[in-house]
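Me: Please give me a close look at one part of the surface, and then set it against the rest of the chain. I want plain descriptions, with the cut-offs stated.

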Amino acid sequence: MARTPGQAARRDPDWEGVRLHVVSGKGGTGKTTVAAALALALAAEGRRTLLIEVEGRQGVAELFGIAALPYEERRIATVTPAQLGLPASGAASRSAGGAAGGSPSGELHALAIDTEQALLEYLDMFYKLGRAGKALQKVGFVDFATTIAPGVRDVLLTGKACEAARRKGPDGRRTYDAVVMDAPPTGRITRFLNVNSEVAGLARIGPIHSQAQAVMRVLKSPETAVHLVTLLEEMPVQETVDGIAELREAGLPVGGVLVNMVRPPLLDAAAVAAVDGDHREEVALALGEAGLGGRSRKPETVRAAVEPLLDPLLAQAREHAERVELERARRADLQHLKLPTYELPLLGEGVDLGTLYRLAGELKRQGAA
Ligand SMILES: Nc1ncnc2c1ncn2[C@@H]1O[C@H](COP(=O)(O)OP(=O)(O)OP(=O)(O)O)[C@@H](O)[C@H]1O
Ligand SMILES: [Mg+2]
(Lines give C-alpha, C1' and ligand atoms only; values in the text may rest on other atoms or scores of the structure.)
(Ligands and ions follow the chains in the order given, each with its own letter.)
Protein backbone atom coordinates (compact mmCIF):
# COMPACT_ATOMS: atom_id res chain seq x y z
CA MET A 1 0.00 0.00 0.00
CA ALA A 2 1.32 3.45 -0.91
CA ARG A 3 2.24 5.59 2.02
CA THR A 4 1.81 9.31 2.12
CA PRO A 5 4.95 11.23 3.09
CA GLY A 6 3.47 11.98 6.51
CA GLN A 7 3.24 8.27 7.28
CA ALA A 8 6.67 7.39 5.98
CA ALA A 9 8.42 7.76 9.31
CA ARG A 10 5.92 5.53 11.08
CA ARG A 11 5.48 1.83 11.40
CA ASP A 12 2.14 0.13 11.71
CA PRO A 13 1.48 -0.62 15.35
CA ASP A 14 2.52 -4.11 16.42
CA TRP A 15 -0.23 -4.59 19.04
CA GLU A 16 -3.41 -3.85 17.20
CA GLY A 17 -6.12 -5.89 18.94
CA VAL A 18 -4.34 -5.98 22.28
CA ARG A 19 -6.43 -4.27 24.96
CA LEU A 20 -4.50 -5.14 28.09
CA HIS A 21 -0.77 -4.39 28.13
CA VAL A 22 0.97 -5.76 31.21
CA VAL A 23 4.38 -4.15 31.77
CA SER A 24 6.80 -6.10 33.94
CA GLY A 25 10.58 -6.29 34.20
CA LYS A 26 13.36 -6.38 36.76
CA GLY A 27 13.03 -3.86 39.59
CA GLY A 28 14.36 -0.42 38.78
CA THR A 29 14.67 -0.95 35.03
CA GLY A 30 11.93 1.61 34.34
CA LYS A 31 8.65 -0.34 34.45
CA THR A 32 6.62 2.61 35.73
CA THR A 33 8.25 5.04 33.29
CA VAL A 34 7.84 2.73 30.30
CA ALA A 35 4.26 1.76 31.23
CA ALA A 36 3.36 5.47 31.40
CA ALA A 37 5.09 6.19 28.06
CA LEU A 38 3.31 3.24 26.44
CA ALA A 39 -0.06 4.38 27.79
CA LEU A 40 0.57 7.87 26.38
CA ALA A 41 1.66 6.43 23.03
CA LEU A 42 -1.46 4.27 22.85
CA ALA A 43 -3.61 7.32 23.64
CA ALA A 44 -2.33 9.37 20.71
CA GLU A 45 -4.66 9.79 17.77
CA GLY A 46 -7.77 10.36 19.80
CA ARG A 47 -7.78 7.18 21.81
CA ARG A 48 -8.48 6.72 25.48
CA THR A 49 -6.20 4.63 27.64
CA LEU A 50 -6.07 3.71 31.31
CA LEU A 51 -2.81 3.35 33.21
CA ILE A 52 -3.17 1.15 36.28
CA GLU A 53 -0.68 1.19 39.09
CA VAL A 54 -0.84 -1.80 41.40
CA GLU A 55 2.12 -1.52 43.74
CA GLY A 56 0.61 1.28 45.83
CA ARG A 57 3.60 3.55 45.49
CA GLN A 58 2.04 6.51 43.65
CA GLY A 59 4.81 6.40 41.04
CA VAL A 60 2.40 7.58 38.35
CA ALA A 61 1.36 10.67 40.33
CA GLU A 62 4.99 11.46 40.92
CA LEU A 63 5.84 11.06 37.25
CA PHE A 64 3.03 13.35 36.14
CA GLY A 65 3.63 15.83 38.94
CA ILE A 66 0.11 15.55 40.34
CA ALA A 67 -1.39 14.85 43.76
CA ALA A 68 -1.62 11.23 44.93
CA LEU A 69 -4.19 9.34 42.87
CA PRO A 70 -7.33 8.19 44.67
CA TYR A 71 -8.83 4.75 44.03
CA GLU A 72 -10.81 6.19 41.20
CA GLU A 73 -10.15 6.47 37.49
CA ARG A 74 -9.41 10.00 36.39
CA ARG A 75 -8.00 11.77 33.40
CA ILE A 76 -4.44 12.85 34.03
CA ALA A 77 -3.21 13.94 30.61
CA THR A 78 -4.16 14.56 27.02
CA VAL A 79 -1.92 13.76 24.11
CA THR A 80 -1.74 14.63 20.43
CA PRO A 81 0.57 13.16 17.79
CA ALA A 82 2.30 16.58 17.64
CA GLN A 83 3.15 16.31 21.35
CA LEU A 84 4.88 13.04 20.59
CA GLY A 85 6.79 14.66 17.73
CA LEU A 86 4.74 12.76 15.16
CA PRO A 87 2.86 13.91 12.09
CA ALA A 88 -0.90 14.12 12.56
CA SER A 89 -2.73 11.07 11.32
CA GLY A 90 -5.92 11.48 9.35
CA ALA A 91 -7.79 8.42 10.50
CA ALA A 92 -8.46 8.40 14.21
CA SER A 93 -10.44 5.52 15.61
CA ARG A 94 -12.36 7.86 17.80
CA SER A 95 -12.08 11.35 19.05
CA ALA A 96 -11.93 11.34 22.81
CA GLY A 97 -11.28 15.01 23.24
CA GLY A 98 -10.10 16.82 20.16
CA ALA A 99 -11.77 18.28 17.15
CA ALA A 100 -12.95 15.84 14.52
CA GLY A 101 -10.89 15.80 11.35
CA GLY A 102 -7.95 17.73 12.82
CA SER A 103 -5.36 16.30 15.12
CA PRO A 104 -7.55 14.70 17.78
CA SER A 105 -6.21 14.58 21.27
CA GLY A 106 -6.24 11.32 23.14
CA GLU A 107 -6.80 10.93 26.84
CA LEU A 108 -4.72 9.20 29.43
CA HIS A 109 -6.60 8.13 32.52
CA ALA A 110 -4.98 6.63 35.59
CA LEU A 111 -5.96 4.47 38.52
CA ALA A 112 -3.96 3.55 41.58
CA ILE A 113 -5.58 0.45 43.04
CA ASP A 114 -6.21 0.42 46.73
CA THR A 115 -6.31 -3.23 47.76
CA GLU A 116 -8.73 -2.84 50.66
CA GLN A 117 -11.29 -0.98 48.62
CA ALA A 118 -10.86 -3.40 45.77
CA LEU A 119 -11.62 -6.23 48.19
CA LEU A 120 -14.85 -4.53 49.27
CA GLU A 121 -15.80 -4.00 45.65
CA TYR A 122 -15.06 -7.62 44.89
CA LEU A 123 -17.19 -8.88 47.76
CA ASP A 124 -19.96 -6.48 46.84
CA MET A 125 -19.93 -7.87 43.33
CA PHE A 126 -20.46 -11.39 44.67
CA TYR A 127 -23.19 -10.41 47.07
CA LYS A 128 -25.00 -8.80 44.18
CA LEU A 129 -24.67 -12.04 42.31
CA GLY A 130 -27.08 -13.70 44.76
CA ARG A 131 -26.18 -17.24 45.81
CA ALA A 132 -22.69 -15.86 46.44
CA GLY A 133 -23.13 -15.94 50.21
CA LYS A 134 -23.72 -19.66 49.97
CA ALA A 135 -20.82 -20.13 47.60
CA LEU A 136 -18.53 -18.22 49.90
CA GLN A 137 -19.66 -20.32 52.85
CA LYS A 138 -19.12 -23.44 50.88
CA VAL A 139 -15.59 -22.46 49.99
CA GLY A 140 -15.13 -21.00 53.45
CA PHE A 141 -14.10 -17.45 52.82
CA VAL A 142 -11.47 -17.48 55.53
CA ASP A 143 -9.92 -20.59 54.05
CA PHE A 144 -10.18 -19.06 50.67
CA ALA A 145 -8.46 -15.88 51.79
CA THR A 146 -5.73 -17.54 53.79
CA THR A 147 -4.94 -20.37 51.43
CA ILE A 148 -4.23 -18.09 48.60
CA ALA A 149 -3.04 -15.11 50.65
CA PRO A 150 -1.27 -12.99 49.62
CA GLY A 151 -2.72 -14.12 46.34
CA VAL A 152 -6.05 -12.58 47.24
CA ARG A 153 -4.55 -9.19 46.59
CA ASP A 154 -3.41 -10.32 43.15
CA VAL A 155 -6.88 -11.66 42.39
CA LEU A 156 -8.28 -8.20 43.00
CA LEU A 157 -5.65 -6.43 40.95
CA THR A 158 -5.83 -8.66 37.90
CA GLY A 159 -9.62 -8.74 38.15
CA LYS A 160 -9.80 -4.96 38.16
CA ALA A 161 -7.50 -4.64 35.13
CA CYS A 162 -9.52 -7.17 33.14
CA GLU A 163 -12.78 -5.49 34.13
CA ALA A 164 -11.47 -2.11 32.89
CA ALA A 165 -10.21 -3.65 29.66
CA ARG A 166 -13.61 -5.21 28.95
CA ARG A 167 -15.85 -2.45 30.23
CA LYS A 168 -18.36 -0.92 27.86
CA GLY A 169 -20.25 2.33 28.19
CA PRO A 170 -24.03 2.74 27.75
CA ASP A 171 -23.43 3.29 24.01
CA GLY A 172 -21.95 -0.20 23.80
CA ARG A 173 -18.45 1.11 23.06
CA ARG A 174 -15.44 0.16 25.09
CA THR A 175 -14.64 2.67 27.80
CA TYR A 176 -10.92 2.33 27.06
CA ASP A 177 -9.14 1.52 23.82
CA ALA A 178 -6.31 0.06 25.87
CA VAL A 179 -5.38 -0.58 29.50
CA VAL A 180 -1.73 -0.56 30.56
CA MET A 181 -0.77 -2.11 33.86
CA ASP A 182 2.41 -1.13 35.69
CA ALA A 183 2.76 -4.66 37.02
CA PRO A 184 4.89 -6.46 39.64
CA PRO A 185 8.47 -7.36 38.67
CA THR A 186 9.50 -10.31 36.51
CA GLY A 187 10.17 -12.57 39.49
CA ARG A 188 6.50 -12.43 40.51
CA ILE A 189 4.69 -11.75 37.25
CA THR A 190 3.72 -15.29 36.21
CA ARG A 191 2.35 -16.19 39.63
CA PHE A 192 0.62 -12.82 39.78
CA LEU A 193 -1.15 -13.32 36.46
CA ASN A 194 -1.88 -16.96 37.11
CA VAL A 195 -3.39 -16.50 40.54
CA ASN A 196 -6.90 -16.82 39.15
CA SER A 197 -6.13 -20.31 37.88
CA GLU A 198 -5.42 -21.29 41.49
CA VAL A 199 -8.61 -19.62 42.62
CA ALA A 200 -10.66 -21.30 39.94
CA GLY A 201 -9.25 -24.60 41.15
CA LEU A 202 -10.01 -23.82 44.76
CA ALA A 203 -13.54 -22.54 44.26
CA ARG A 204 -14.75 -25.23 41.92
CA ILE A 205 -18.18 -23.81 41.28
CA GLY A 206 -20.11 -20.64 41.86
CA PRO A 207 -19.49 -17.00 41.09
CA ILE A 208 -15.90 -16.94 42.36
CA HIS A 209 -15.03 -19.80 40.07
CA SER A 210 -16.70 -18.12 37.10
CA GLN A 211 -15.10 -14.76 37.83
CA ALA A 212 -11.64 -16.35 38.17
CA GLN A 213 -12.13 -18.23 34.94
CA ALA A 214 -13.30 -15.12 33.13
CA VAL A 215 -10.20 -13.25 34.27
CA MET A 216 -7.93 -16.08 33.11
CA ARG A 217 -9.69 -16.15 29.77
CA VAL A 218 -8.84 -12.47 29.23
CA LEU A 219 -5.29 -12.83 30.48
CA LYS A 220 -4.57 -15.80 28.23
CA SER A 221 -6.28 -14.34 25.19
CA PRO A 222 -4.69 -12.45 22.29
CA GLU A 223 -6.25 -9.35 23.85
CA THR A 224 -3.48 -9.37 26.44
CA ALA A 225 0.27 -8.91 25.98
CA VAL A 226 2.88 -9.13 28.73
CA HIS A 227 5.85 -6.91 27.92
CA LEU A 228 9.15 -7.01 29.78
CA VAL A 229 11.37 -3.99 30.39
CA THR A 230 15.10 -4.61 30.51
CA LEU A 231 18.46 -2.89 30.35
CA LEU A 232 21.38 -4.04 28.21
CA GLU A 233 22.98 -5.59 31.27
CA GLU A 234 23.55 -9.17 32.26
CA MET A 235 21.13 -9.54 35.20
CA PRO A 236 18.09 -7.85 33.67
CA VAL A 237 18.59 -9.67 30.37
CA GLN A 238 18.86 -13.02 32.18
CA GLU A 239 15.70 -12.22 34.13
CA THR A 240 13.97 -11.36 30.88
CA VAL A 241 14.99 -14.63 29.24
CA ASP A 242 13.88 -16.63 32.31
CA GLY A 243 10.70 -14.60 32.72
CA ILE A 244 9.65 -15.20 29.13
CA ALA A 245 10.23 -18.93 29.45
CA GLU A 246 8.02 -18.94 32.57
CA LEU A 247 5.26 -16.92 30.94
CA ARG A 248 5.28 -19.20 27.93
CA GLU A 249 5.13 -22.29 30.09
CA ALA A 250 2.12 -20.85 31.90
CA GLY A 251 0.41 -20.18 28.56
CA LEU A 252 0.42 -16.41 29.07
CA PRO A 253 0.74 -14.21 26.00
CA VAL A 254 4.25 -12.79 25.77
CA GLY A 255 4.40 -9.35 24.19
CA GLY A 256 7.57 -7.45 23.38
CA VAL A 257 10.88 -6.58 25.01
CA LEU A 258 11.37 -2.94 25.91
CA VAL A 259 15.04 -2.12 26.26
CA ASN A 260 15.32 0.97 28.41
CA MET A 261 18.13 3.42 29.17
CA VAL A 262 20.09 2.62 26.02
CA ARG A 263 23.22 4.72 25.78
CA PRO A 264 24.16 5.99 22.35
CA PRO A 265 27.49 4.65 21.10
CA LEU A 266 30.11 7.41 21.29
CA LEU A 267 32.53 5.74 18.89
CA ASP A 268 31.77 4.07 15.61
CA ALA A 269 32.64 0.42 14.96
CA ALA A 270 36.01 1.25 13.38
CA ALA A 271 37.01 3.38 16.36
CA VAL A 272 35.95 0.66 18.80
CA ALA A 273 38.02 -1.90 16.88
CA ALA A 274 41.00 0.51 16.86
CA VAL A 275 41.01 0.77 20.66
CA ASP A 276 42.80 -2.56 20.92
CA GLY A 277 45.79 -1.52 18.81
CA ASP A 278 48.55 0.84 19.88
CA HIS A 279 47.49 4.18 18.48
CA ARG A 280 49.21 6.45 21.02
CA GLU A 281 51.09 8.44 18.45
CA GLU A 282 48.11 8.93 16.16
CA VAL A 283 45.95 10.02 19.07
CA ALA A 284 48.63 12.44 20.28
CA LEU A 285 48.88 13.90 16.80
CA ALA A 286 45.12 14.21 16.43
CA LEU A 287 44.80 15.91 19.82
CA GLY A 288 47.54 18.38 18.85
CA GLU A 289 45.78 19.13 15.59
CA ALA A 290 42.53 19.61 17.42
CA GLY A 291 44.21 22.38 19.37
CA LEU A 292 44.42 20.61 22.72
CA GLY A 293 48.12 21.39 22.92
CA GLY A 294 47.40 25.09 23.24
CA ARG A 295 48.39 27.82 20.84
CA SER A 296 52.05 26.87 20.46
CA ARG A 297 53.18 25.49 17.13
CA LYS A 298 56.31 23.94 18.62
CA PRO A 299 55.92 20.12 18.52
CA GLU A 300 57.64 19.63 21.92
CA THR A 301 55.34 22.12 23.62
CA VAL A 302 52.25 20.62 21.99
CA ARG A 303 53.38 17.13 22.93
CA ALA A 304 54.02 18.12 26.56
CA ALA A 305 50.54 19.59 26.83
CA VAL A 306 48.84 16.61 25.17
CA GLU A 307 50.79 13.89 27.00
CA PRO A 308 48.84 13.95 30.31
CA LEU A 309 45.57 13.56 28.38
CA LEU A 310 46.63 10.49 26.45
CA ASP A 311 46.36 7.71 29.04
CA PRO A 312 43.05 8.78 30.56
CA LEU A 313 41.54 9.22 27.10
CA LEU A 314 42.76 5.85 25.86
CA ALA A 315 41.55 4.21 29.08
CA GLN A 316 38.11 5.76 28.57
CA ALA A 317 38.03 4.61 24.96
CA ARG A 318 38.92 1.08 26.11
CA GLU A 319 36.18 1.14 28.75
CA HIS A 320 33.71 2.35 26.15
CA ALA A 321 34.76 -0.37 23.71
CA GLU A 322 34.25 -2.99 26.43
CA ARG A 323 30.80 -1.66 27.19
CA VAL A 324 29.85 -1.63 23.51
CA GLU A 325 30.99 -5.23 23.22
CA LEU A 326 29.00 -6.33 26.30
CA GLU A 327 25.94 -4.54 25.02
CA ARG A 328 26.32 -6.23 21.65
CA ALA A 329 26.32 -9.61 23.41
CA ARG A 330 23.21 -8.71 25.46
CA ARG A 331 21.41 -7.54 22.32
CA ALA A 332 22.25 -10.89 20.73
CA ASP A 333 20.75 -12.71 23.76
CA LEU A 334 17.57 -10.68 23.34
CA GLN A 335 17.44 -11.31 19.59
CA HIS A 336 17.35 -15.04 20.31
CA LEU A 337 13.95 -14.52 21.91
CA LYS A 338 12.57 -13.57 18.49
CA LEU A 339 10.18 -11.02 19.97
CA PRO A 340 9.39 -7.48 18.89
CA THR A 341 12.02 -5.36 20.60
CA TYR A 342 12.02 -1.61 21.20
CA GLU A 343 14.78 0.63 22.48
CA LEU A 344 14.44 3.74 24.58
CA PRO A 345 17.36 6.10 25.15
CA LEU A 346 18.94 6.88 28.50
CA LEU A 347 17.82 10.41 29.23
CA GLY A 348 20.77 12.25 30.70
CA GLU A 349 18.51 14.82 32.30
CA GLY A 350 16.27 12.14 33.88
CA VAL A 351 12.57 11.67 33.27
CA ASP A 352 10.09 14.50 33.53
CA LEU A 353 6.79 15.06 31.79
CA GLY A 354 8.48 16.49 28.69
CA THR A 355 10.90 13.61 28.29
CA LEU A 356 8.11 11.12 29.04
CA TYR A 357 6.26 12.35 25.94
CA ARG A 358 9.53 11.95 24.05
CA LEU A 359 9.77 8.30 25.13
CA ALA A 360 6.14 7.82 24.12
CA GLY A 361 6.92 9.23 20.66
CA GLU A 362 9.86 6.86 20.40
CA LEU A 363 7.62 3.88 21.22
CA LYS A 364 5.10 4.96 18.63
CA ARG A 365 7.73 5.48 15.94
CA GLN A 366 9.07 2.00 16.62
CA GLY A 367 5.63 0.42 16.32
CA ALA A 368 5.00 -0.42 19.99
CA ALA A 369 1.80 1.61 19.83
N1 LIG B 1 15.10 6.12 29.82
C2 LIG B 1 15.45 6.62 30.98
N3 LIG B 1 16.45 7.53 31.07
C4 LIG B 1 16.82 8.04 32.27
N5 LIG B 1 16.26 7.71 33.44
C6 LIG B 1 15.26 6.79 33.42
C7 LIG B 1 14.81 6.21 32.20
N8 LIG B 1 13.81 5.34 32.51
C9 LIG B 1 13.65 5.39 33.84
N10 LIG B 1 14.51 6.27 34.40
C11 LIG B 1 14.66 6.59 35.83
O12 LIG B 1 15.04 5.40 36.50
C13 LIG B 1 14.43 5.32 37.78
C14 LIG B 1 13.63 4.03 37.88
O15 LIG B 1 12.53 4.12 36.95
P16 LIG B 1 11.11 3.52 37.32
O17 LIG B 1 10.64 4.02 38.63
O18 LIG B 1 10.25 3.73 36.12
O19 LIG B 1 11.53 1.98 37.42
P20 LIG B 1 10.67 0.77 37.99
O21 LIG B 1 11.12 -0.44 37.26
O22 LIG B 1 9.23 1.12 37.95
O23 LIG B 1 11.18 0.70 39.47
P24 LIG B 1 10.54 -0.16 40.67
O25 LIG B 1 11.01 -1.57 40.44
O26 LIG B 1 11.11 0.47 41.87
O27 LIG B 1 9.04 -0.02 40.55
C28 LIG B 1 13.57 6.57 37.92
O29 LIG B 1 14.31 7.53 38.61
C30 LIG B 1 13.35 7.01 36.48
O31 LIG B 1 13.15 8.40 36.37
MG1 LIG C 1 7.77 1.13 39.43
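Reply: A patch is built from residues with over 30% relative accessible area and no salt bridge, where like charges are joined within 9 Å and nonpolar side chains (Val, Leu, Ile, Met, Phe, Trp, Tyr) within 5 Å. A salt bridge here is a side-chain nitrogen of Lys or Arg within 4 Å of a carboxyl oxygen of Asp or Glu. Leu292, Leu309 and Leu313 make one nonpolar patch of about 230 Å², with areas taken by the Shrake-Rupley method using a 1.4 Å probe and, for residues, only the protein chains shown as cover.

This is a predicted model, in which local features need pLDDT of at least 70 and side-chain atom pairs pLDDT 80 or more, while totals for chains, interfaces and linings use all residues. Residues are numbered from 1 along each chain as its sequence is written, chains are lettered from A and ligands numbered from 1 in the order written, and side-chain values use heavy atoms, without hydrogens or water.

Leu292 of the patch sits in the loop between helix H11 (280-289) and helix H12 (299-335); helices (H or I, at least four residues) and strands (E, at least two) are DSSP runs numbered from the N terminus. Leu292 counts as partly exposed because its relative accessibility is 46%; buried means under 20%, exposed over 50%, and partly exposed in between (1.4 Å probe, protein chains only).

Helix H12 also holds the salt-bridged pair Arg323 and Glu327, 4 residues apart, about one turn of the helix. Their closest N and O atoms are 3.2 Å apart, and both residues are buried. In contrast, Glu349 is exposed at 55% and Arg358 is partly exposed at 43%; this salt bridge has its closest N and O atoms 4.0 Å apart. Shared partners join Arg280, Glu281, Arg303, Glu307 and Asp311 into one salt-bridge network. The whole structure has 21 salt bridges. Another of them pairs Glu107 with Arg75 at 3.4 Å, joining strand E4 (residues 106-112) to strand E3 (residues 74-79) across 32 residues of chain. Glu107 is buried, at 8%.

For the chain as a whole, there are 13 helices and 8 strands, and 47% of the 369 residues are buried. The accessible surface is about 18,400 Å², with 54% of it on carbon and sulfur atoms.

An interior counterpart to the patch is Ser24, which is buried at 0% relative accessible area and belongs to strand E1 (residues 20-25). Its side chain makes polar contacts (N or O atoms within 3.5 Å, one able to donate a hydrogen and the other to accept it within protein; sequence neighbours count only through two side-chain atoms). A polar side-chain atom of Ser24 is 2.8 Å from the backbone oxygen of Pro184, and the side chain also reaches the backbone nitrogen of Thr186 at 3.1 Å. Beyond four places in sequence, Ser24 touches residues (heavy atoms within 4.5 Å) including Lys31, Ile189 and His227.

Lys31 leads to ligand 1, where a polar side-chain atom of Lys31 is 2.7 Å from a ligand oxygen. Ligand 1 alone exposes 630 Å², and the protein buries 71% of that. Helix H1 (31-43) and strand E7 (254-262) each give two or more residues to the surrounding shell, with H1 supplying the largest share, 3 residues.
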